[in-house]
Amino acid sequence: MALKSIKATDRELAEWFTKIKSGEMKLPRFQRYEAWDRKRISSLLSVAVNNLPLGITLILNVGEEIKFIDRYLETAPNTNGRVTEHLLDGQQRLTAFWRMMHNNYEWETYFVYVPEFDKVDDSLHFDEITGYCQTRWPNKDRKFPLWADKPNECFIRGLVPSNLLKPGDIQVEIDTWIDSALQSDKIDENDDGYPKILREYFAKKEILKAKIVELREIIAHYNLPFLALPEITPKETALNVFINMNTNSKPLSLYDIIVAEVEGRKGESLHDLENDLDVTHPKIKHYFDLSDLILMTSALLQDKIPNQRGMLDMNKSTMIENWDNLVYGLKEMAIFLESQGIYDKQRLPTNAVLAVIASLYTLIPDSGDKRGALELILKKYMWRAFFTERYENSTASRAFGDHKILKNIFNGSKKENGTDYKLEDVPIFSNDYKIVEKEELRVVKWPKGENVLGRAILAISNYLGAYDFADGQKVSREHLQRREYHHVFPDALLKEAEIDSFLALNCALITNTTNRTIGRKDPLTYLEERYNWTSKDVVNHRLKSHVIPIDELANGGYEALTEEEKNAKIKIDFEKFIDKRASLVHKAIIILCEGKQLELNHIY
């Protein structure tokens with residue numbers, strides 16, 4: 001249906017405030033949650049107190065039929081009153097306004113900075129009235145900095161708290177704050193020059209009161225105009241207008257758009273479904289943004305490419321109808337990755353495999369020989385994804401291509417000629433994508449960044465347990481939080497010899513305590529210290545779990561050498577170490593890419 005031309009209507013902030021407070025205005029449930037940071041919120045306050053234009057908002061008038069399930073703005077009271085408006089565009093601005101007027105952010109306190117009141121010589125200074133955010137932090141059950149809660153300390157810095165500008169009758173709150181702000185100016189009638197001092201005190205008080213009144217008038221009468229869709233607007237039309245007329249400086253994400261489409265077609269809250277998924281299976285989000293994982297996997301389940309185009313094209317009703325399947329696949333994906341020593345996205349070589357694995361798990365039975373056979377294929381697929389160039393570029397389209405043939409294999413589908421699909425038909429298993437060679441491993445860079453091969457090399461150690469050198473703790477998701485990227489041959493030692501230390505084969509994940517204990521010590525010195533603490537076999541087992549060659553590591557004795565001799569020996573020792581570790585890692589790669597269980601005795 002075609003709507004009549006809609007003209008903007010003026011509305012002052014005081015009226016917006018009243019509608020939020022009374023519950024007359026609410027948000028459709030599909031709206032995303034707060035997204036503005038303190039810089040944007042401070043900027044909003046600056047715009048308002050200087051009476052500058054802020055743009056236009058969009059509402060949907062609500063009649064007898066409420067088209068969307070709704071919710072209150074963040075921290076607004078639950079009044080259960082009659083809803084007359086749904087806010088379609090402008091929620092970030094109005095939520096920020098509402099919360100600043102109450103100053104109820106947990107770790108930020110908002111002020112209006114008034115230059116003429118600033119008497120402190122510090123870094124806080126602006127040439128004009130502006131919004132200001134003071135970040136807060138906890139310390140011994142108190143919120144620091146302490147001065148931010150003390151009116152006299154705020155006043156001498158030129159700061160008036162934003163909650164004093166809240167529309168409505170709050171005169172008692174204002175008077176109390178002013179008295180506290182001027183407490184250092186309180187006088188005794190016995191003071192010399194008492195009448196003059198008294199006049200100065202009241203003059204100062206009147207100036208402060210007048211400035212607060214002026215700011216309150218500006219805020220109360222600040223115009224934030226809106227467009228209003230009539231209550232007869234069809235649900236689908238309102239959603240389309242919401243998607244197309246997003247005036248926010250933080251544009252709608254693909255997920256925001258799909259949330260709105262799901263709400264419109266199925267009346268389901270994708271936000272609620274996602275929250276339930278996270279509560280029930282909290283490990284999934286460790287591997288990637290949960291919203292993106294949901295969309296990518298849903299696309300593959302509908303045979304769509306897991307990119308923006310495919311996600312927009314997929315049927316949103318089918319997505320919700322398949323929700324239980326999706327949940328099962330993502331849950332099993334997380335369990336599978338953990339069984340392979342992959343614990344989080346920081347150590348995941350490539351996220352391209354996630355949706356493929358999750359989607360394919362919906363085709364795997366709960367138990368039996370078929371489950372074992374299909375999981376073997378998944379192991380081969382995942383490790384080849386890590387150790388070939390298949391996912392270096394165009395990852396979404398390549399994941400889609402691999403998934404398409406793997407799905408046929410898992411379903412037992414036939415080709416047009418009546419023959420079965422085989423692994424060789426899957427692009428990643430073709431001869432076009434060779435497993436990395438040993439020589440290539442030698443030059444792979446540090447695994448801390450988004451380096452597929454670097455992270456993949458480290459993943460082998462985690463698969464084998466990556467026991468800490470000192471405390472012997474096996475790697476786990478929780479223990480990884482205490483681990484650091486350690487140079488096996490110390491960075492300082494190699495720098496002196498002008499050797500690049502930031503190679504994946506010179507890296508091991510160990511605890512921060514162990515890392516600091518080792519410091520700059522050459523490998524031989526550290527090994528001897530470890531052997532004195534516990535048995536040689538125990539230490540060697542820990543090192544082997546990181547695929548570290550013991551003999552080639554046990555080098556040192558550089559102290560008695562000249563600088564030239566030392567550097568030459570370090571270079572020779574490091575080359576031998578890297579070469580041997582590359583050989584061990586390559587053996588492990590071949591075993592894992594065949595889907596086999598990897599044990600230490602397979603490579604040593």
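Helices (H or I, at least four residues) and strands (E, at least two) are taken as DSSP runs and are numbered from the N terminus. The model is a predicted one, in which local features need pLDDT of at least 70 and side-chain atom pairs count only at pLDDT 80 or more, whereas totals for chains, interfaces and linings use all residues. Residues are numbered from 1 along each chain as its sequence is written, and side-chain values use heavy atoms, with hydrogens and water left out.

**Exercise 1. Place L374 in the fold and determine which residues it contacts.**

Step 1. Begin with the secondary structure, where L374 is found in helix α15.

Step 2. Turn to accessibility, for which buried means under 20% relative accessible area, exposed means over 50%, and partly exposed lies in between (1.4 Å probe, protein chains only). L374 counts as buried because its relative accessibility is 6%.

Step 3. List the contacts, a contact being heavy atoms within 4.5 Å. When neighbours within four places in sequence are left aside, L374 is in contact with L363, I364, P365 and F410. The C-alpha atoms of L374 and Y361 are 8.9 Å apart in space, and the two residues are 13 apart in sequence.

**Exercise 2. Describe the surroundings of T388, and state which backbone atoms its side chain approaches.**

Step 1. T388 belongs to the loop between α15 (369-387) and α16 (395-411), and it is counted as buried because its relative accessibility is 5%.

Step 2. Examine the polar atoms of the side chain of T388: one lies 2.7 Å from the backbone oxygen of R384, and the backbone nitrogen of R390 is 3.4 Å from a polar atom of this side chain.

Step 3. With neighbours within four places in sequence set aside, the contacts of T388 are I428, Y433, K434 and I435.

Step 4. Compare S394, which is placed in the loop between α15 and α16. S394 has a positive phi of about 45° although it is not a glycine, and it is classed as partly exposed because its relative accessible area is 48%.

**Exercise 3. Which residues are closest to the centre of the second largest pocket, and how is its lining composed by class?**

Step 1. A pocket is defined on a 1 Å grid over the protein atoms alone, as an open set of points where a 1.4 Å probe fits, with protein on both sides within 12 Å along at least five of seven lines; lining residues have an atom within 4 Å of a point. The volume is the space filled by probe spheres set on the points, which are joined across faces, edges and corners.

Step 2. The second largest pocket has a volume of about 240 Å³. Of the 13 residues that line the second largest pocket, those closest to its centre are T388, E389, E392, E440 and L453.

Step 3. For the classes, Ala, Val, Leu, Ile, Met, Phe, Trp, Tyr, Cys and Pro count as nonpolar, Asp, Glu, Lys and Arg as charged, and the others, Gly among them, as polar. The lining of the second largest pocket then has five nonpolar, two polar and six charged residues.

**Exercise 4. Check the length of helix α3 against its expected span, and describe how far it is covered.**

Step 1. The expected span of a helix is 1.5 Å times one less than its number of residues. Helix α3 (residues 91-102) has twelve residues and should therefore span 16 Å, which agrees with the 16 Å between its end C-alpha atoms.

Step 2. Helix α3 is mostly covered, since eleven of its twelve residues are buried; among them are L94, F97, W98 and M101.

Step 3. Beyond the helix, α3 is followed by N103, whose phi is positive, near 45°.

**Exercise 5. Is S501 buried or exposed, and which side chain does it meet in a polar contact?**

Step 1. S501 is placed in the loop between α20 (491-496) and β12 (507-511), and it counts as buried because its relative accessibility is 2%.

Step 2. A polar contact is a pair of N or O atoms within 3.5 Å; within protein, one must be able to donate a hydrogen and the other to accept it, and residues adjacent in sequence count only if both atoms are side-chain atoms. The side chain of S501 makes such a contact with the side chain of H487, at 3.4 Å.

Step 3. Not counting residues up to four places away in sequence, S501 touches W446, H487, D491, L494 and N506.

Step 4. E498 also has its place in the loop between α20 and β12, but this residue is exposed, with a relative accessible area of 77%.
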